[in-house]
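Please open the model in your viewer, with the chain drawn as a cartoon and side chains hidden for now. The stops below each begin with a selection and then say what is found there.

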Amino acid sequence: DGSGEGVRCKSRTLDKEPKSVEDVPEWNFDGSSTAQAEGSNSDMFLVPVRMFRDPFCLDPNKLVLCEVLKYNRKPAETNLRHTCKKVMDLVKDSHPWFGMEQEYTLLGINGHPYGWPDNGFPGPQGPYYCGVGADKVYGRDIVESHYKACLYAGVKICGTNAEVMPSQWEFQVGPCEGIEMGDHLWMARFILHRVCEDFGVVATLDPKPMTGNWNGAGCHTNYSTEEMRREGGLKHIEAAIEKLSKRHDYHICVYDPRGGRDNSRRLTGHHETSNIFEFSAGVANRGASIRIPRQVGQDGYGYFEDRRPAANCDPYAVTEAIMRTTVLNETGVETKDYADH
């Protein structure tokens with residue numbers, strides 16, 4: 001929707017089961033009610049782009065991810081898939097793989113973290129990360145339901161764990177190639193919000209839901225090209241990091257929906273984050289902008305992790321930015337329009 005991070009849905013009955021996304025007709029909705037259009041010209045187009053199995057209504061029902069177009073069939077302002085697809089088509093020969101680690105926090109309807117004492121705080125961070133036990137973990141039934149629903153749907157979810165702050169969790173999606181990354185992560189987010197609805201709780205992607213000595217929430221993005229995954233790929237990883245180091249401000253601007261303002265609350269240099277004003281990289285360093293996993297350093301090939309994207313980032317914007325900088329060799333804060341090429 002118009003917020004750049006909220007998802008909306010509506011249901012439709014078809015005469016027969018669609019076998020592919022091409023079998024799903026275009027539709028429309030009232031953009032004036034989603035902060036995307038004026039009431040006098042409110043119809044927006046829903047263009048189906050990817051289809052999943054529906055874990056809520058079960059087979060033969062489908063969940064259909066759609067792009068939003070305006071009345072003139074130009075992409076809506078928050079439709080960042082459109083340009084991402086264009087860039088991914090341009091770089092397809094480099095076979096970019098992504099894996100994104102989506103952190104989120106469970107809240108009660110009152111906005112208070114789920115399972116926290118009503119009039120106080122839980123004990124300090126330490127026992128909660130990957131924790132086990134009712135005094136360390138809140139909401140595992142919700143998390144497991146989300147995991148199973150994603151697997152049923154065909155989302156490429158590959159793991160989940162309790163995070164450092166109590167009632168904070170993470171799931172991982174990938175590896176996905178190109179545009180598939182954004183499609184699968186957005187569908188995983190939709191399923192998360194929809195599962196939480198059934199449990200009467202809220203999943204927030206706020207990058208810093210609790211002020212003070214608590215970890216924020218990111219969406220660490222793991223990335224490699226075919227060259228990086230081959231023997232000797234470390235030199236290509238280091239070359240990509242060098243390019244990223246020269247474009248830090250541009251990436252910070254696109255790594256949350258508010259041009260870096262959300263991330264400024266999270267990227268403080270504390271709580272396993274880098275400082276928002278400085279670029280850094282290191283092997284096995286969780287306080288750096290870019291982390292090269294220790295195994296990759298030892299093997300001499302593999303992937304690296306960009307730890308800067310905020311939990312509420314748009315995965316299309318993040319993956320597109322990485323490709324623009326590391327493969328298309330863009331520099332500065334301006335982006336090129338490849339529409340005519």
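Begin by colouring domain 1 and domain 2 separately, and note that their C-alpha centres lie 26 Å apart in this predicted model. The contact between the two takes 17 residues from domain 1 and 22 residues from domain 2. For the selections themselves, the domain assignment gives residues 1-78 as domain 1 and residues 88-327 as domain 2.

Next, select residues 1-73, a range that UniProt lists, in an unreviewed entry, as "domain: GS beta-grasp". Over this range the chain is 0% helix and 32% strand, and the C-alpha atoms at the two ends of the range are 16 Å apart.

Now turn to the largest pocket, which has a volume of about 1,500 Å³. Its lining comprises 47 residues, and those closest to the pocket centre are R8, C9, K10, V64 and C66, which are worth showing as sticks. Why does this pocket lie between the two domains? Domain 1 (1-78) and domain 2 (88-327) both give residues to its lining, and therefore the pocket is placed between them.

To see which elements take part, select β1 (27-30), β2 (43-53), β3 (62-69) and α3 (180-199), each of which supplies at least two residues of the lining of the largest pocket. The largest share, seven residues, comes from β3. If you then colour the lining of the largest pocket by residue class, you should find 23 nonpolar, ten polar and 14 charged residues.

For the next stop, select T325, which sits in helix α9 (residues 315-326). Is T325 buried or exposed? Its relative accessibility is 1%, so T325 counts as buried, the cut-off for that term being under 20%. Leaving aside residues up to four places away in sequence, T325 touches K243, L244, R247, Y250, H251 and E330. You may also draw a distance from the C-alpha atom of T325 to that of A240, which gives 8.0 Å although these residues are 85 residues apart along the chain.

Finally, move from T325 to one of its contacts, H251, which lies in helix α6 (residues 248-254). H251 has 0% relative accessibility and so counts as buried. With residues up to four places away in sequence again left out, the residues that H251 touches are L244, R308, A321, I322 and T325. Showing L244 together with this pair is a useful last view, since L244 is listed among the contacts of T325 and also among those of H251.

Conventions
Residues numbered from 1 in each chain as written. Predicted model: local features only at pLDDT ≥ 70, side-chain atom pairs only at ≥ 80, totals over all residues. Heavy atoms only, no water. UniProt positions renumbered as here; feature names shortened; annotations may be inferred. Helix = DSSP H or I, 4+ residues; strand = E, 2+ residues; numbered from the N terminus. 1 Å grid on protein atoms, 1.4 Å probe; cavity = no way out; pocket = protein on both sides within 12 Å on 5 of 7 lines; lining within 4 Å. Points joined across faces, edges and corners; volume = space filled by probe spheres on them. Nonpolar A, V, L, I, M, F, W, Y, C, P; charged D, E, K, R; others polar. Domains from an automatic or database assignment. Buried < 20%, exposed > 50% of the residue type's maximum accessible area, 1.4 Å probe, protein only. Contact = heavy atoms within 4.5 Å.
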